[in-house]
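Biologist: I should like a close look at a single part of this protein, namely its nonpolar core. Please then set the core in the context of the domains, the helix packing and a few individual residues.

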Amino acid sequence: MQPFESRMTHVAAQFGTPLYVYDADELTRRFEHLKQLFGQHFGVSYAVKANPNVELLRRMLPHVATFDVSSYKEVERALRAGCPAERITFSGPAKRDAEIRGAVAQGVGELVLESLAEARRADYWAGELGVRQSVLIRINPSTGPRHFGVSFSGRASQFGIDDEVLEEAVDTVLGLRHLNLIGFHIYSGTNSLNPTAIAENFAIFIELFRRAAKHGDIRPEKLVFGSGFGLTYGGGDAPLDIAAVAELALPLIDDLKSDPRFAHSHCVLEMGRWLIGPAGWLLTGVVGEKHTRGVDMRLCDAGFNNHLAACGMMGTIIRRNWHMMNVSNPDAVPHKYTLVGPLCTTIDVLATDIMLPEVRVGDVIAVENSGAYGLTASPTRFISHPEPAEIVLAGNEVIDATESALNHWTDVDRTGRLRMAETSLQG
Ligand SMILES: Cc1ncc(COP(=O)(O)O)c(C=O)c1O
């Protein structure tokens, strides 16, 4: 058996299944690869939503400029990982007043404004706390490249301020006394495998950044480029060639920086899945077998309660089998199986007609690319199965990084209904 497979079966035996396994060394390699290609032009912002495990955040900290969070709970996670508050940016729609207040009180670097109403609320709470809060305007572009992947440009969206009203937005935010507009942010698409489309998207961002900065007559300190770097999840797609992205996109940044208005702008590449996805696996144990109407089924202890995305339920139009391995029996003759989870619904399917080396009861199946949008993007409480443990492999070390104990309520959650008085908005 190969070292990878034996390591996986070993940790599965030690911690039980289902189990999430993250490889810290692979994570470091991915950061280094990114730095080598983009490091002269960009800092990195890691989107905590992709995987908020605090042990992983701690390990990412030396490699990132910022953590982008999308809830107050994620602010807490970033802080717990040792991230200084000023290296946290807070994006996301439907921020509650208590979250805005809590984040400003913690001293987060920037709030990423998703609407003008949110800008006014942020201004109110910064005023209440007696601070001037740095902010970025998130822009929702009216156009996007063709063949990008998942793009939300040009649509009605809860994310960002429509570029049709960009000038008005800049004027409004500049007029809010307790906010300090230091730059702009765009994240308008995700999971692209197309270098040309990613570079075209950056060209669109740059046009909008120029327009906004010129209108406000500001020299942005910071510009966030939502990367959209994607991963292949099964099927025959070629992986994203990030060297090709660098070749196409970096001249655009050089050109932008040659404009004195942007000469000192710090450009940030924001991403989640590309960094951590391939450094994680879900290990699921086979608890039973069933032959039903010509189908050879294997009943696994993890289903969409533990991995919604692998079961095709996170924005996928046509469900594909993700890459999986039978780590217990890798050299056996392959057969065709349907892998189902433990939930009482026919949609709980991990793989249909997948070819795997003979799968026996007791074997462990590893689901690749599971480091991002795995455990915390899944409805783990459905049908009350126990939550998977999480471990981090680093060199020869095995670290138990299981986190359910962190899911307690804090004061910010308890005061989630905090509201500012309607009248204060009108002043
Ligand atoms: C603001 C923002 N930044 C970053 C990301 C990360 O996306 P991905 O994990 O696809 O790189 C998202 C995804 O929803 C996002 O909304």
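Modeller: The account below begins with the core and then turns to the domains, two helix pairs and three buried residues. The model is a predicted one.

The largest nonpolar core holds 114 residues, and the members that touch the most others are Phe184, Phe225 and Phe229. Helix 8, spanning residues 195-216, is the leading contributor to this core, with eleven residues. Both domain 1 (24-276) and domain 2 (278-395) supply at least three residues to the core. In soluble globular proteins, nonpolar side chains tend to be buried together.

The surroundings of Phe225 show this core in detail. Leaving out residues up to four places away in sequence, Phe225 touches the aromatic residues Phe42, Phe202, Phe205 and Phe209, together with Ile186, Ile206, Ile253, Cys267, Val268, Leu269 and Glu270. Apart from the core just described there lies another, of 14 residues, which includes Ala12, Val21, Val327 and Leu393.

The domain assignment divides the protein into domain 1 (24-276) and domain 2 (278-395). Taken over C-alpha atoms, the centres of domain 1 and domain 2 are 33 Å apart. To their contact, domain 1 gives 23 residues and domain 2 gives 17 residues.

Two helix pairs may be considered next. Helix 4 (residues 72-80) and helix 5 (residues 97-106) have axes that come within 9 Å and cross at roughly 25 degrees. Because angles under 35 degrees count as roughly parallel, helix 4 is therefore roughly parallel to helix 5. Tyr72, Val75 and Leu79 make the contact from helix 4, and Glu99, Gly102, Ala103 and Gln106 from helix 5.

In the second pair, helix 6 (residues 116-129) packs with helix 7 (residues 166-174) at an angle of about 5 degrees, the axes being 10 Å apart. Helix 6 is thus roughly parallel to helix 7. Leu116, Ala119 and Arg120 of helix 6 meet Glu168, Ala169, Thr172 and Val173 of helix 7.

Ile88 belongs to strand 4 (residues 88-90). Ile88 is buried, its relative accessible area being 0%. Beyond residues up to four places away in sequence, Ile88 touches Phe67, Val69, Val75, Ala78, Leu79, Cys83, Val108, Gly109 and Glu110. Val75 and Leu79 in this list also take part in the contact of helix 4 with helix 5. Thr66 is 22 residues from Ile88 along the chain, yet their C-alpha atoms are separated by 5.5 Å.

Ser370 sits in the loop between strand 18 (364-367) and strand 19 (389-394). Although polar in its contact with His307, where the two side chains come to 2.9 Å, Ser370 is buried at 0% relative accessible area. Residues up to four places away in sequence aside, Ser370 touches Tyr20, Gly277, Gly280, Trp281, Leu282, His307 and Trp322.

Glu403 lies in the loop between strand 20 (397-400) and helix 11 (411-414). With a relative accessibility of 10%, Glu403 counts as buried, because the limit for that class is under 20%. Its side chain reaches the backbone nitrogen of Val54 at 2.7 Å. Apart from neighbours within four places in sequence, Glu403 is in contact with Pro52, Asn53, Val54, Glu55, Arg77 and Glu390.

Definitions and conventions:
Residues numbered from 1 in each chain as written. Predicted model: local features only at pLDDT ≥ 70, side-chain atom pairs only at ≥ 80, totals over all residues. Heavy atoms only, no water. Core = buried A, V, L, I, M, F, W, Y, C linked by side-chain atoms within 4.5 Å. Buried < 20%, exposed > 50% of the residue type's maximum accessible area, 1.4 Å probe, protein only. Helix = DSSP H or I, 4+ residues; strand = E, 2+ residues; numbered from the N terminus. Domains from an automatic or database assignment. Contact = heavy atoms within 4.5 Å. Polar contact = N/O pair within 3.5 Å; in protein donor to acceptor, adjacent residues only side chain to side chain. Axes fitted to C-alpha atoms, helices over the stretch in contact; angles between N-to-C directions. Parallel < 35°, antiparallel > 145°, perpendicular 65-115°, else oblique.
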